[in-house]
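This report introduces selected features of one protein structure to a reader who has not met it before. The sequence and the model are shown first, and the description follows.

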Amino acid sequence: TVEVIAPAIVAVDDTPGTVNGFTGAANLINVLANDSYNGVTPAALTETELQVVTPFSNANVTLDITTGEIDVAAGTAAGTYTLVYRLVDSLNPSNTDEATVTVVVAGAGLVANDDPETINGFVGGSFNVLDNDTYNADPATTGEVTITQLSIDAGLNFNPGTGEVTVAAGTAAGTYTLTYRLTDNIDAANTDDATVTVTVEAAAIDAVDDDVTGINGKDENLGVVNVLANDRLNGVAVNPADVTLTRTSPVVGSPLTLNADGSVDVAAETAAGIYTLTYQISENLNPSNTDQATVTVEVIAPAIVAVDDTPGTVNGFTGADDLINVLANDSYNGVTPAALTETELQVVTPFSNANVTLDITTGEIDVAAGTAAGTYTLVYRLVDSLNPSNTDEATVTVVVAGAGLVANDDPETINGFVGGSFNVLANDTY
């Protein structure tokens with residue numbers, strides 16, 4: 001009697017390393033690699049066969065019973081999956097052993113990184129939260145992950161479908177936050193959250209000083225400069241609608257007027273000198289975003305011109321009232337004759353004969369009757385009443401001639417016996 005026994009058949013449990021579910025794993029392990037038949041490892045499928053007792057719960061994880069290979073398909077959700085298989089002795093089908101394969105599938109590496117962003121609120125801007133997020137160590141895409149908005153501050157606009165965050169033009173300066181979640185499209189349990197912190201900055205604002213020269217203070221001068229013309233907001237010319245203009249220097253006593261449109265007027269009858277005005281522009285979007293500048297205006301005195309006078313010869317016997325008016329050919333601020341409401345007359349060097357005079361209240365030259373013949377000069381000064389240092393001088397030359405005096409010869413005939421007389425003046429003139 002011979003007892004023939006079946007050879008030893010041993011199926012050993014398998015626990016391979018964790019598998020990335022995004023990429024999967026072909027030929028992860030061969031379950032036969034640690035199994036033995038008749039003392040030989042690995043067991044050979046020429047002597048044994050494989051049977052599935054309990055399959056994996058996920059169809060993406062499979063055992064090929066013709067090879068013993070375990071495969072994990074790409075795109076397998078994270079989880080722990082088990083399969084029980086039976087190793088059967090082909091010679092003795094009742095000679096079997098069972099083992100368990102435990103496959104751990106992990107979700108792809110999913111990292112949502114915080115986003116610190118800075119944006120100019122005047123012009124606005126946008127960015128994408130996915131730009132610094134990764135999925136399986138590569139840039140994350142909307143095909144791989146789903147974006148969910150968890151919270152958002154007013155002032156930010158978020159499109160979860162694309163990941164785009166938009167800050168509209170005209171957004172006030174401040175700090176705005178948004179929180180979001182990335183969810184693995186393969187494995188809903190694989191998530192990561194991140195926070196977006198957007199620092200919205202005010203636009204650069206620059207009020208630039210203005211210098212204006214050669215303004216005639218006699219006349220009213222409107223719009224000698226517009227202070228906004230060279231000011232900048234966000235690097236471009238200021239739009240008056242974007243700023244508030246405020247005068248910061250005192251108004252009382254100043255001949256300069258700052259108008260709402262930024263123009264500067266100089267009042268009439270402003271004495272020559274240097275005048276300044278300071279102002280501030282404030283961004284309407286961010287009222288604390290301001291800058292100041294100074295306007296400097298040079299006011300000059302009007303032109304004043306005194307012209308020399310040489311009237312015709314005067315008969316000293318009769319004299320001459322109102323011989324000339326010295327102002328008749330003088331000018332002030334381009335107007336001839338100069339007016340004594342705007343100027344005044346001063347005598348610098350008087351006439352040498354008191355009979356020849358200048359009336360400084362009228363500008364008239366008078367020669368009194370009985371003035372000796374001669375040439376008489378006077379130097380006068382024409383003074384700007386608004387700017388007393390603004391003057392000009394001229395000379396008046398008056399020629400006085402003696403009266404016409406003619407002594408005529410006298411041919412006379414007289415009878416010497418009786419004698420006679422006559423007057424030599426009878427035919428003389430004066």
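## A buried acidic residue

A salt bridge is taken here as a side-chain nitrogen of Lys or Arg within 4 Å of a carboxyl oxygen of Asp or Glu, and a residue counts as buried under 20% relative accessible area. The model discussed is a predicted one. In this model, D330 is buried but forms no salt bridge. The nearest side chain of opposite charge belongs to R381, 12 Å away.

D330 lies in the loop that links strand 32 to strand 33 (331–332). Which residue shares a polar contact of 2.6 Å with the side chain of D330? The partner is Y380, likewise through its side chain. Beyond residues up to four places away in sequence, D330 touches V305, A306, V307, V335, T336, P337, A338, Y380 and L382.

## Strands 32, 35 and 36

Strand 32, which precedes the loop of D330, covers residues 320–325 and runs antiparallel to strand 36 (residues 364–367), with 3 bridges joining the two. Within this pairing, A320 has V367 of strand 36 as its bridge partner.

Strand 36 also pairs with strand 35 (residues 356–359), again in the antiparallel sense, over 4 bridges. Here L358 is matched with I365 of strand 36. Strands 35 and 36 form a hairpin with 4 residues between them, and in this hairpin G363 adopts a positive phi near 90°.

## An open sheet of four strands

Strands of a sheet pair through backbone hydrogen bonds, in either a parallel or an antiparallel manner. In this model, 4 strands make up an open sheet with mixed pairing, in the order 21-29-28-25. Strand 21 (210–216) and strand 25 (243–247) are the edge strands, each pairing on one side only. On average, neighbouring strands of the sheet are turned by 25° against each other, direction ignored.

Inside this order, strand 28 (residues 273–283) and strand 29 (residues 290–300) are joined in the antiparallel sense by 10 bridges. One of the matched pairs is Q280 with Q292 of strand 29.

## The surroundings of V196

V196 is situated in strand 19 (residues 191–201). Is V196 buried or exposed? Its relative accessible area is 0%, and V196 is therefore classed as buried.

Apart from neighbours within four places in sequence, V196 is in contact with D115, F127, V129, Y176, T177, L178 and Y180. V297, by comparison, stands 101 residues from V196 in sequence and 51 Å from it in space, C-alpha to C-alpha.

Notes
Residues are numbered from 1 along each chain as its sequence is written. This is a predicted model: local features need pLDDT of at least 70, side-chain atom pairs count only at pLDDT 80 or more; totals for chains, interfaces and linings use all residues. Side-chain values use heavy atoms; hydrogens and water are left out. Two strands pair if DSSP finds at least two bridges between them. Buried means under 20% relative accessible area, exposed over 50%, partly exposed in between (1.4 Å probe, protein chains only). Lys and Arg count as positive and Asp and Glu as negative; His and the chain ends are not counted. A polar contact is a pair of N or O atoms within 3.5 Å; within protein, one must be able to donate a hydrogen and the other to accept it, and residues adjacent in sequence count only if both atoms are side-chain atoms. Contact means heavy atoms within 4.5 Å. Axes are lines fitted to C-alpha atoms, for helices over the stretch in contact, and angles run from 0 to 180 degrees between N-to-C directions.
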